[in-house]
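Visitor: I should like to go through this structure step by step, with the reasoning set out for each answer. May we begin with the sheets and then turn to the helices?

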Amino acid sequence: MQTQRAETYARCTAELEGDHQAPGGEAIFDQALTNGLAAIVSSQWGEETAADAKGRVKSAAQLLTVVEEKAQAVADELGVYMIPDPEPASAAAPGDSPWPWAEDETLPDLDTRINVTVLREGIKGTQPVRHGRGAGGLRREHVDALLALDDHESLRSLMTEHSDRAWESARDEDRHSRARAAALLRRIGPEEAARRAKEAAELHSPYHPKHNPEGLDLDDCPICGHTAFSADNGDELGMGVGVGECLVCHYERSSATANDQAQWLYYQARWADD
């Protein structure tokens with residue numbers, strides 16, 4: 001249940017982070033806040049604390065009341081409550097970390113700051129449009145307060161959500177590029193494709209230590225099969241996956257797709273070593 005709450009919180013919050021005025025944003029805000037607070041309250045003070053007398057999960061407004069009753073109020077910020085980081089970085093003794101870089105960097109404690117006042121305003125602002133009584137009133141500050149909940153150890157799910165969305169976007173982009181390239185090949189036919197492949201070497205700018213230090217040699221295109229894929233530069237891991245375009249079918253590989261393929265090649269190489 002906690003995993004589902006964290007995932008729902010992350011999906012909904014990511015939607016609002018991109019556009020807090022998106023159609024249906026008020027309902028999305030309610031889903032995100034209720035699931036996020038339910039995860040925090042049940043993790044911090046027990047599942048029964050997040051439930052009402054009938055055993056149902058409390059509303060977002062009721063869960064905020066639990067936070068007011070049980071969390072630590074921030075003295076100089078009215079309406080803001082804090083749940084301390086259970087493993088604060090500032091409490092670590094020198095030499096405790098197995099990672100040397102952590103000793104040289106001042107890392108913030110992940111105290112969870114819950115702005116109850118702003119979140120209550122957010123709930124109030126969503127009610128009119130959700131119940132057909134007027135326009136929505138969701139503002140950026142409401143979403144910012146929602147984003148702050150992700151510091152709690154029961155959530156910390158937004159980074160994964162953003163990573164998944166970026167991967168899905170890159171995958172869809174690559175599929176469309178492959179489809180466009182395949183359509184072009186059908187249109188031009190094999191003879192024209194072969195002619196373009198012969199010209200590819202003249203059009204391509206290969207690696208040169210001075211004039212093109214990031215360049216790569218022509219590579220085989222995964223769509224048309226010709227040695228005509230012209231890369232402007234390679235992937236971030238140095239696995240030789242080019243970022244560029246095929247000079248025959250115009251298949252384009254983005255940096256995101258190249259880096260994803262490079263990671264797979266890297267892991268394959270590591271597994272082979274083991």
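**Sheets, helices and contacts**

Visitor: In the open sheet of three strands, what is the strand order?
Guide: The model is a predicted one. Within it, three strands pair in the antiparallel sense and make an open sheet. The edge positions belong to β1 (72-73) and β3 (112-115), each of which pairs on one side only. The order is therefore β1-β2-β3.

Visitor: Which residue of β3 is the bridge partner of Ile83?
Guide: Strand β2 covers residues 80-83 and runs antiparallel to β3, with four bridges joining the two. In β3, the partner of Ile83 is Thr112.

Visitor: Which strands stand at the edges of the sheet of four strands?
Guide: This sheet is open and antiparallel, with the order β4-β5-β6-β7. An edge strand has a single partner strand, so one of its sides is left without a neighbour in the sheet. The strands in that position are β4 and β7 (252-253).

Visitor: Which residue takes a positive phi in the hairpin of β4 and β5?
Guide: Strand β4 (residues 219-220) pairs with strand β5 (residues 227-234) over two bridges in the antiparallel sense. In β5, Thr227 is the bridge partner of Asp220, and Phe229 is the bridge partner of Asp219. Six residues lie between the strands of this hairpin, and the residue with a positive phi, near 85 degrees, is Gly225.

Visitor: How many bridges join β5 to β6?
Guide: Strand β6 (residues 242-246) runs antiparallel to β5. One of the pairs matches Ala231 with Gly244 of β6. The number of bridges joining β5 to β6 is five.

Visitor: How are α5 and α6 oriented to each other, perpendicular or oblique?
Guide: Helix α5 (residues 116-130) packs on helix α6 (residues 140-148) at an angle of about 125 degrees, and their axes are 9 Å apart. Angles of 65 to 115 degrees count as roughly perpendicular and those over 145 as roughly antiparallel. The angle of α5 and α6 is in neither range, and the two helices are therefore oblique.

Visitor: What is the handedness of the crossing of α5 and α6, and how do its contact residues divide by class?
Guide: The crossing of α5 and α6 is left-handed. From α5, Val118, Leu119, Glu121 and Gly122 meet Glu141, His142, Ala145 and Leu146 of α6. By class, these residues are four nonpolar, two polar and two charged.

Visitor: Which residues of α5 make the contact with α2?
Guide: Helix α2 (residues 25-45) and α5 pack at about 140 degrees with axes 9 Å apart, and these helices are therefore oblique to each other. Their crossing is left-handed. On the α2 side the contact is made by Glu26, Ala27, Phe29, Asp30 and Leu33, and on the α5 side by Leu119, Gly122, Ile123, Thr126, Val129 and Arg130.

Visitor: How many residues of the contact of α2 with α5 are charged?
Guide: In this contact, six residues are nonpolar and two are polar. The charged residues number three.

Visitor: How many nonpolar residues are in the contact of α2 with α3?
Guide: Helices α2 and α3 pack at an angle of about 35 degrees, their axes 9 Å apart, in a left-handed crossing. Leu33, Thr34, Leu37, Ala38, Val41 and Trp45 of α2 meet Ala60, Leu63, Leu64, Val66, Val67 and Lys70 of α3. One residue of the contact is polar and one is charged, while the nonpolar residues number 10.

Visitor: How many residues apart in sequence are the parts that Arg120 and Glu68 tie together?
Guide: The structure holds 14 salt bridges. In one of them, the closest N and O atoms of Arg120 and Glu68 are 3.0 Å apart, which is within the 4 Å cut-off. Arg120 belongs to helix α5 and Glu68 to helix α3 (residues 60-70), so the pair ties together parts whose separation in sequence is 52 residues.

Visitor: What distance separates the C-alpha atoms of Ile188 and Cys249?
Guide: Ile188 is placed in helix α7 (residues 158-203). With its neighbours within four places in sequence left aside, Ile188 is in contact with Ala193, Arg196 and Val248. Ile188 and Cys249 are 61 residues apart along the chain, and their C-alpha atoms are separated by 9.0 Å.

Key:
Residues numbered from 1 in each chain as written. Predicted model: local features only at pLDDT ≥ 70, side-chain atom pairs only at ≥ 80, totals over all residues. Heavy atoms only, no water. Axes fitted to C-alpha atoms, helices over the stretch in contact; angles between N-to-C directions. Parallel < 35°, antiparallel > 145°, perpendicular 65-115°, else oblique. Left-handed = near helix turned anticlockwise from the far one by under 90°. Contact = heavy atoms within 4.5 Å. Nonpolar A, V, L, I, M, F, W, Y, C, P; charged D, E, K, R; others polar. Salt bridge = Lys/Arg side-chain N within 4 Å of Asp/Glu carboxyl O.
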